[in-house]
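Trainee: Could we take a close look at one part of this model, the packing of its nonpolar and aromatic side chains?

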Amino acid sequence: MFKEKFKKSEFHFLQIDENIVSLARINFDFKFKIESKPYQFAEFVGFVSIEKNKGYGTILVEKTMENLREKNIEAIGFCEKDLRLFYEKTSIKILYDKADYFLEFDNNEWIKSTDNDILILNASKKTIDLLQNLEELNPAFLI
């Protein structure tokens, strides 16, 4: 069941001694539309560290970004405002308040994402411009 559910995912982890201290998942099945045009990027999700303020999360984020650049994989992620401070300490480019314009279909209506910001782990200027231009009259629809 696990293999089936996460078959389009890749897991990244930071291990110290015998312990995994930080873990993230890259979802390769993240799709959305903007102006009826479909897009697909890798999505940085499921990020967790065992202890705060030890630097484990920062190390894993940086290593994950390096891996994505080496493989030339465009990847984005999302965060809520209360996590901005952490991501501002990394080299991730943040598109502030742009995740507000990602809409998902729930209970027969399109609703705003609970996230606020888009995180750019690895993306071309064209992709960054596309996401930077999201607004109320130009939203992204999750598919």
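Is Phe 86 buried, partly exposed or exposed?

Mentor: In this predicted model, Phe 86 has a relative accessibility of 25%, and because buried means under 20% and exposed means over 50%, Phe 86 counts as partly exposed. Tyr 87, by contrast, is buried, with a relative accessible area of 5%. The ring centres of Phe 86 and Tyr 87 lie 4.9 Å apart with their planes at 75°, so this pair is edge-to-face.

Tyr 87 also leads into the largest nonpolar core, which has 18 residues and in which Phe 44, Tyr 87, Ile 92, Leu 119 and Leu 121 have the most contacts. Two or more residues of this core come from each of strand E2 (19-34), strand E3 (37-49), helix H2 (56-70), strand E4 (75-79) and strand E8 (117-122), and the largest share, five residues, is given by H2. Leaving aside residues up to four places away in sequence, Ile 92 touches Val 61, Met 65, Tyr 87, Leu 119, Ile 120 and Leu 121. A second, separate core has 17 residues, including Phe 30, Ile 34, Tyr 39 and Phe 78.

As for the aromatic rings, the structure holds 16 aromatic pairs, one of which is formed by Phe 32 and Phe 102, edge-to-face at 5.0 Å centre to centre with 70° between the planes. Phe 32 lies in strand E2 and Phe 102 in strand E6 (residues 102-106), so their pairing ties together parts that are 70 residues apart in sequence. Phe 32 and Phe 102 are both buried, and they belong to one aromatic cluster with Phe 30, Tyr 39, Phe 41 and Phe 78.

Key
Residues numbered from 1 in each chain as written. Predicted model: local features only at pLDDT ≥ 70, side-chain atom pairs only at ≥ 80, totals over all residues. Heavy atoms only, no water. Core = buried A, V, L, I, M, F, W, Y, C linked by side-chain atoms within 4.5 Å. Buried < 20%, exposed > 50% of the residue type's maximum accessible area, 1.4 Å probe, protein only. Helix = DSSP H or I, 4+ residues; strand = E, 2+ residues; numbered from the N terminus. Contact = heavy atoms within 4.5 Å. Phe/Tyr/Trp six-rings, centres within 6.5 Å; stacked < 30°, edge-to-face > 60°.
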